[in-house]
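Thanks for coming. I will take one model this morning, starting inside a single chain and working outward to its partners. Please keep the structure open on your screens while I talk.

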Number of protein chains: 2
Amino acid sequence: MAVVGRPRTFDKDEALTKAMYVFWEKGYEGTTMADLVDSIGMKAPSIYAAFGNKDAIFKHVVSHYLPIVANGQLAILNNTPNIDEAVEKTLNECVRLFTSKDNPHTCLIMTAAINTSPENVEHVEALRDLRKYYKTAWQTRFEKAKLDKQIEAATDPKSLAEFFTTIVQGMALRAKDGAKKSDLATTSEIALKTISSLMIKI
Amino acid sequence: MAVVGRPRTFDKDEALTKAMYVFWEKGYEGTTMADLVDSIGMKAPSIYAAFGNKDAIFKHVVSHYLPIVANGQLAILNNTPNIDEAVEKTLNECVRLFTSKDNPHTCLIMTAAINTSPENVEHVEALRDLRKYYKTAWQTRFEKAKLDKQIEAATDPKSLAEFFTTIVQGMALRAKDGAKKSDLATTSEIALKTISSLMIKI
DNA sequence: ATAAATATGTAATACAGGTTACATTATTAT
DNA sequence: ATAATAATGTAACCTGTATTACATATTTAT
């Protein structure tokens, strides 16, 4: 694109990935520019030139994180025909992600901006909106399952969505506390019994 | 106690309560000394003289918060004979606390120190220890229920404790996001079906 | 070859936030 | 009354952290 001027010596996408892991682990305010400089391996002015200030970097990082959820959990949730299997596999994917050796043990959306000073409330709100969107995705899936007559007519898709997002948010916190994969898996199994009891038996 | 010297013009316990509400709402790092000065109504040197630095104030605040959980949720959990009723009432108490007009809508232990800069990791760890203690309280209660033959012999108290603390942690986050009391109550009800299905029928 | 454009690193700047020094005030003990 | 003790408020200090100024380096266009 930029055909004139000194070329960038780092890959923007790789830099964003590195920044993402830092914010993922430490949260927005827990991450300092010095942390980002260390992880990316470029000095602050270069990072600023490429992405903007810390706020802007975080927004880029969030966009960079979204496909992990969209192509992981939500893809599984939406592409698995049977609702019980869909929920089971989605929760399994959560557990896998939250305990993978390849990334920090939590969910960026759930924990990267819980409390901030007033000037950074913007990010708290942005993540809250994403959590709302995430919940809506679950709700939509349960609405489909109801249309497909896979769950009882009396069940409320919104309530089920809220229940399972509560589980996911709780697991994100527990993973951050160092919970073992097997323990989170057990919690998922117990949560799953709930939906199983609401399933229409074939 | 101090019989000599100029007497304090504010009540330590009241000041701690005011500080508690600030930390409860904004978290450790989201709270500034200026916030505490505003809420307590005393200048920083007086607050320092009474409690120590910000770290020490927070520790006092956490101690001040503990009875809310111990005399609320845990008292209900331990003093209600039937396990299903105990769990139901304990979750109800969580929902009540997390949506009470008299306090911030979340749990201080769950959300006040999720991510911090390295120098404040101490508080993250302290709250993590309290969460562990909280989980153990649930586990102990389920062990008792098992001895009382109120839940099936095959059930694992530790797994049940982890499931319900996941629910509580998830609800603490949702409350902070502004969830309605009725919605949290519905989530509690769904979670409760799980334990009901493990109950020994009389 | 020279100019224009963009990236890079060093070093400075600006500011917010925790903490403390110091003078003053209010109390008790003698 | 005076000294001793402790609390208070003002104002400063200090440090960490985000941001930027500026000189230098590297590329393309003419």
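**Helix packing, the chain pair and the DNA**

I will start with one helix contact in chain A: L16(A), T17(A), A19(A), M20(A) and F23(A) of α1(A) meet I57(A), F58(A), H60(A), V61(A), H64(A) and Y65(A) of α4(A). Sorted by class, this contact of α1(A) with α4(A) holds eight nonpolar and three polar residues, and no charged ones. As for geometry, α1(A), which covers residues 12–26, packs against α4(A) at an angle of about 95°, and the two axes are 9 Å apart. That angle makes α1(A) roughly perpendicular to α4(A).

Before going further, I should say that this is a predicted model.

Now the chain as a whole. Chain A has nine helices and zero strands. Written in sequence order, the pattern of chain A is α-α-α-α-α-α-α-α-α. The C-alpha trace of chain A spans about 65 × 35 × 35 Å along its principal axes.

Back to α4(A), this time with its other partner on my list. How are α4(A) and α5(A) oriented, parallel or antiparallel? Their packing angle is about 170°, with the axes 8 Å apart. That makes α4(A) roughly antiparallel to α5(A). On the α4(A) side the residues are G72(A), Q73(A), I76(A) and L77(A), and they meet A86(A), K89(A), T90(A), E93(A), C94(A) and L97(A) of α5(A). The contact of α4(A) with α5(A) has five nonpolar, three polar and two charged residues.

Helix α5(A), residues 83–98, also packs on α8(A), residues 157–176; their axes come within 10 Å and cross at roughly 20°. The two helices α5(A) and α8(A) are therefore roughly parallel to each other. The crossing of α5(A) past α8(A) is right-handed. Here V87(A), C94(A), V95(A) and F98(A) from α5(A) meet F164(A), V168(A), M171(A), A172(A) and A175(A) from α8(A). By class, the contact of α5(A) with α8(A) has nine nonpolar residues, with no polar and no charged ones. Note C94(A): this residue is listed in the contact with α4(A), and again in the contact with α8(A).

Next, the two chains together. What operation puts chain B on chain A? A rotation of 180°, with 0.0 Å of shift along its axis, superposes chain B on chain A, and the RMSD is 0.0 Å. That is the relation of a two-fold axis. If you want to find the axis from chain B, go to G170(B), whose C-alpha is the nearest to the axis in that chain, at 2.0 Å. Both copies use the same surface, since 100% of the contact residues of chain B recur in chain A.

The contact itself puts 30 residues of chain B against 30 residues of chain A. On the chain B side, α6 (108–111), α7 (121–147), α8 (157–176) and α9 (181–197) each supply at least two residues. Which helix of chain B gives the largest share of the side that touches chain A? The answer is α8(B), with 10 residues. By class, this side of chain B has seven nonpolar, 14 polar and nine charged residues.

That leaves the DNA, one strand at a time.

Around strand C there are 29 residues, and the closest are G5(A), R6(A), S46(A), R6(B) and M33(B). Elements giving two or more residues to this surface are α3 (44–51) of chain A, along with α2 (33–40), α3 (44–51) and α4 (54–79) of chain B. The largest share near strand C is four residues, and α3(A) provides it. By class, the surface near strand C divides into 16 nonpolar, seven polar and six charged residues.

Strand D is also surrounded by 29 residues, the closest being R6(A), M33(A), G5(B), R6(B) and S46(B). Here α2 (33–40), α3 and α4 (54–79) of chain A, together with α3 of chain B, are the elements that give two or more residues. The largest share near strand D, four residues, comes from α3(B). The surface near strand D has 16 nonpolar, seven polar and six charged residues.

To recap the DNA part: R6(A) and R6(B) are among the closest residues to strand C, and also among the closest to strand D. That is where I will stop.

Technical notes
Residues numbered from 1 in each chain as written. Chains lettered and ligands numbered in written order. Predicted model: local features only at pLDDT ≥ 70, side-chain atom pairs only at ≥ 80, totals over all residues. Near = placed C-beta within 6 Å. Nonpolar A, V, L, I, M, F, W, Y, C, P; charged D, E, K, R; others polar. Least-squares fit on C-alpha atoms with pLDDT ≥ 70 in both. Contact = placed C-beta atoms within 7 Å. Axes fitted to C-alpha atoms, helices over the stretch in contact; angles between N-to-C directions. Parallel < 35°, antiparallel > 145°, perpendicular 65-115°, else oblique. Left-handed = near helix turned anticlockwise from the far one by under 90°.
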